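Visitor: I would like a close look at a single part of this model, taken slowly and with the reasoning spelled out. Please choose one helix and explain how it sits among its neighbours.

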Amino acid sequence: SRLSFFLWSSIPDAELLDAAVRGDLRNPAKLEAQVKRMIADPRSAVLPAHFAGQWLHLKNLASATPDMRLFTDFDDNLRQAFRQETETFFDSVIREDKGVVELLSANYSFLNERLAKHYGVPGIYGSRFRRVEFPDGSRGGLLRHGSVLTVTSYATRTSPVIRGKWILETLLGVPPPPPPPDVPALKEKTGAGKIRSMRERLAMHRDSPACSGCHKLMDPVGFALENYDAVGRWRDFEDGMPVDAAGGLPDGSSFTGVAGLQQALLKRPELFVSTFVEKMLTYALGRGMEPGDAPAVRRILREAAASNYSFFSCIMGIVRSTPFQMRRSQ
């Protein structure tokens, strides 16, 4: 039942029940054969939809309301296209058994006409999503998806703070500490007759001792995505001023733009894969991680490294793990 709800979000079928009755699921080779069969089954399409929605916060797309005065072309069709792009991309990585790092490093995505028009990509017609490659690096992996960029923005503008927190928490598993109570609001663009950039306003915000500690961790990471506006469109200027996309990670590394951020994250892929495994194990178990789960996560990573962290090896590592196969104690 746990295996079926993990991969299908539904009850076991007759073949899986029969295998369980025969004791086949205690045989490693037969267990792997069942997992392969279940992933190949169309019912596994719910895995990217449900897991990605939970892990990447895509469920927040339903409540995202960009300001229609500023983003006049945003509508529910675009909202649905955002989500389908990410789910179709995720599903392709599973079906083709790519490495988990492909979620970040891919130079391709899946677009239909509505989404291609929004991204400024010519030559895409019709409602069908099809694979499109981007040699220039403008689109591709999760960091460049309109779904992610929209749920990490405010209704009227981008938020390097929210985007930085999302990357640290969702991709690296190192959430910053919660904000202190009564945090002052970010100052408006104008002050003393001058239009201030987002970077200048956040610099003023960090002058507060109560705010500086967390923002020094989050802001530099989020600034790397400033070339994308609040609904995921590419931009080189904001309010007539060139976008400054220089950023950095808490380890001291510095870079510019989304390509630099991607390279910095991929220098230590095990950090991203470890977070991915923890999030997927949480999804599979229906509970949060506990200290006793750490050895299982480390073992999954060690075994998956031999296949360059392929998606199937991570799933099999979870299925074989002690937390997945054993009941919880009372």
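Guide: What covers the buried residues of H3 in this predicted model? The covering elements include helix H1 (2–8), helix H2 (14–22), helix H5 (76–95), helix H15 (311–320) and helix H16 (322–325). The residues of H3 that are buried, each with under 20% relative accessible area, include Leu31, Gln34, Val35, Met38 and Ile39. They cover an arc of only 130° around the axis, and therefore lie on the same side of H3. This fits the general geometry of an α-helix, which has 3.6 residues a turn, so that residues three or four places apart point the same way. On the face turned away from that buried side, H3 carries the exposed residues Ala29 and Ala40.

The length of the helix can be checked as well: H3 comprises 13 residues, 28–40, which at 1.5 Å a residue should span 18 Å, and the C-alpha atoms at its ends are indeed 18 Å apart, so the two values agree. At the N-terminal end, H3 is capped by Asn27, a side-chain oxygen of which lies 3.0 Å from the backbone nitrogen of Ala29.

Two loops that adjoin covering helices also deserve a look. Ser9, in the loop between H1 and H2, has a positive phi of about 55° although it is not a glycine, and with 28% relative accessibility Ser9 counts as partly exposed. Tyr309, in the loop between helix H14 (294–305) and H15, likewise has a positive phi, near 55°, but Tyr309 is buried, its relative accessible area being 13%. Most residues other than glycine have a negative phi.

Notes: Residues are numbered from 1 along each chain as its sequence is written. This is a predicted model: local features need pLDDT of at least 70, side-chain atom pairs count only at pLDDT 80 or more; totals for chains, interfaces and linings use all residues. Side-chain values use heavy atoms; hydrogens and water are left out. Helices (H or I, at least four residues) and strands (E, at least two) are DSSP runs, numbered from the N terminus. The expected span of a helix is 1.5 Å times one less than its number of residues. Buried means under 20% relative accessible area, exposed over 50%, partly exposed in between (1.4 Å probe, protein chains only). The arc is that of the directions from the helix axis to the C-beta atoms. Contact means heavy atoms within 4.5 Å. A polar contact is a pair of N or O atoms within 3.5 Å; within protein, one must be able to donate a hydrogen and the other to accept it, and residues adjacent in sequence count only if both atoms are side-chain atoms.
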